[in-house]
Amino acid sequence: MAETNHGDQGLLYWLIKHVSVGPTIRLVNRPTVEGLENIPVDGPALIAGNHLSIADWLFVPLVVPRRISYLAKSDYFTAPGVSGKLQKFFYTQTGQVPIDRAGGDAATAALNTAKKLLGEGRLVGMYPEGTRSPDGRLYRGRTGLVRIAFEANVPIIPVGVIGTDKVSPPGPFSWHAERVQVKFAKPIEPIEYDIPSDPDERHALERSVTDRLMQEIQSLTGQEYVDEYAKKWRPES
């Protein structure tokens with residue numbers, strides 16, 4: 001699978017991936033990838049994965065030829081001072097896209113931002129758990145990602161990442177020379193489903209497909225599954 005040219009990806013993104021950060025990560029963590037043939041050569045798609053570490057959004061784009069745009073909190077782009085500007089620059093150049101929460105509704109903002117990016121033909125990365133796993137287990141997925149896939153009529157590609165919680169565990173930032181595996185499953189296509197117009201029936205279908213998605217991710221990672229929503233990780237006092 002050939003990679004798109006520098007202009008399509010952005011020169012700085014290409015340099016970060018192939019010249020600076022990317023080669024260093026490859027040398028230190030020696031990531032492997034399976035199922036790369038499930039990533040479409042072009043056109044929009046959602047990449048839906050487990051979320052073990054802040055390192056997840058670095059390893060998945062590292063092994064995928066196309067650029068992936070991950071949705072990120074707008075706070076990452078608005079920090080004050082020189083360090084804030086550097087942080088904004090890094091997140092922007094590595095494919096992060098701020099969620100515009102001007103209306104105050106994070107879920108609606110994520111939906112609108114993702115649909116806009118998919119309308120531009122992009123790969124969009126999201127975490128159905130909604131937050132990092134607090135203990136390495138896989139938690140119940142939220143239905144928003146499937147709702148986006150249905151409304152935009154795009155495939156969902158499950159991805160499982162293994163080992164990133166050892167590379168950069170929760171807590172103060174650290175980085176360790178642990179191996180990482182990235183595995184992709186076959187896409188879940190909206191065309192497989194007869195999407196009802198009734199809101200209650202539609203929500204029930206979104207819940208069912210989300211549960212299927214989490215099962216696909218679990219089969220890739222082997223994580224223990226917890227049928228409840230993950231609570232945001234907080235450091236011990």
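Is S219 buried or exposed? Select S219 to begin; this serine lies in helix α9. Its relative accessibility is 57%, and since exposed means over 50%, S219 counts as exposed. Keep in mind throughout that the model is predicted.

With S219 still selected, add A185. The two residues are 34 apart in sequence, and their C-alpha atoms are 9.1 Å apart in space.

**Whole chain**

Zoom out to show the protein chain as a cartoon. The chain holds 9 helices and 9 strands. Colour by accessibility next: of its 237 residues, 43% count as buried. A contact map would add the following: among contacts between residues at least 6 apart in sequence, 77% join residues at least 24 apart.

**Helices α7 and α9**

Return to α9 by selecting residues 199-221, then add α7, residues 144-152. Two packed helices are described by the angle between their axes and the distance between the axes. For α7 and α9 the angle is about 115° and the axes are 8 Å apart. The two helices are therefore roughly perpendicular to each other. In handedness, the crossing of α7 past α9 is right-handed.

Now show side chains at this contact. From α7, select L145, V146, R147, F150 and E151; their partners in α9 are R202, L205, E206, V209, T210 and L213. By class, the residues of this contact comprise 6 nonpolar, 1 polar and 4 charged.

**Helices α3 and α4**

Move to α3, residues 21-29, and show α4 with it. Here the axes come within 11 Å and cross at roughly 100°. This pair, α3 and α4, is therefore also described as roughly perpendicular.

For the contact itself, select G22, I25, R26 and N29 in α3, and L58, F59 and L62 in α4. The residues of the α3 contact with α4 divide into 4 nonpolar, 2 polar and 1 charged. Leave F59 selected for the next stop.

**Aromatic rings around F59**

How many aromatic pairs does a search of the whole structure find? The search finds 4. A pair of aromatic rings is described by the distance of the centres and the angle of the planes.

Add W175 to the selection. F59 and W175 form a stacked pair, with 6.0 Å from centre to centre and 15° between the planes. F59 lies in α4 (residues 56-63), while W175 lies in the loop between α8 (164-167) and β8 (181-184), so this pair ties together parts that are 116 residues apart in sequence.

Switch to a surface view and compare the two. F59 is buried, at a relative accessible area of 0%. W175 has 30% relative accessibility and counts as partly exposed.

Then select F173 as well. The ring centres of F173 and W175 are 6.3 Å apart and their planes stand at 40°, so this pair is tilted. F173 itself has a relative accessibility of 60%, so it counts as exposed.

Finish with F59, F173 and W175 shown together: ring pairs link these residues into a cluster. Within this cluster, F59 is buried, W175 is partly exposed and F173 is exposed.

Key
Residues are numbered from 1 along each chain as its sequence is written. This is a predicted model: local features need pLDDT of at least 70, side-chain atom pairs count only at pLDDT 80 or more; totals for chains, interfaces and linings use all residues. Side-chain values use heavy atoms; hydrogens and water are left out. Axes are lines fitted to C-alpha atoms, for helices over the stretch in contact, and angles run from 0 to 180 degrees between N-to-C directions. Helices (H or I, at least four residues) and strands (E, at least two) are DSSP runs, numbered from the N terminus. Angles under 35 degrees count as roughly parallel, over 145 as roughly antiparallel, 65 to 115 as roughly perpendicular and the rest as oblique. A crossing is left-handed if the near helix is turned anticlockwise from the far one by less than a right angle, and right-handed if clockwise. Contact means heavy atoms within 4.5 Å. Ala, Val, Leu, Ile, Met, Phe, Trp, Tyr, Cys and Pro count as nonpolar, Asp, Glu, Lys and Arg as charged, and the others, Gly among them, as polar. Rings of Phe, Tyr and Trp (its six-membered ring) pair if their centres lie within 6.5 Å; planes under 30 degrees apart count as stacked, over 60 as edge-to-face and the rest as tilted. Buried means under 20% relative accessible area, exposed over 50%, partly exposed in between (1.4 Å probe, protein chains only).
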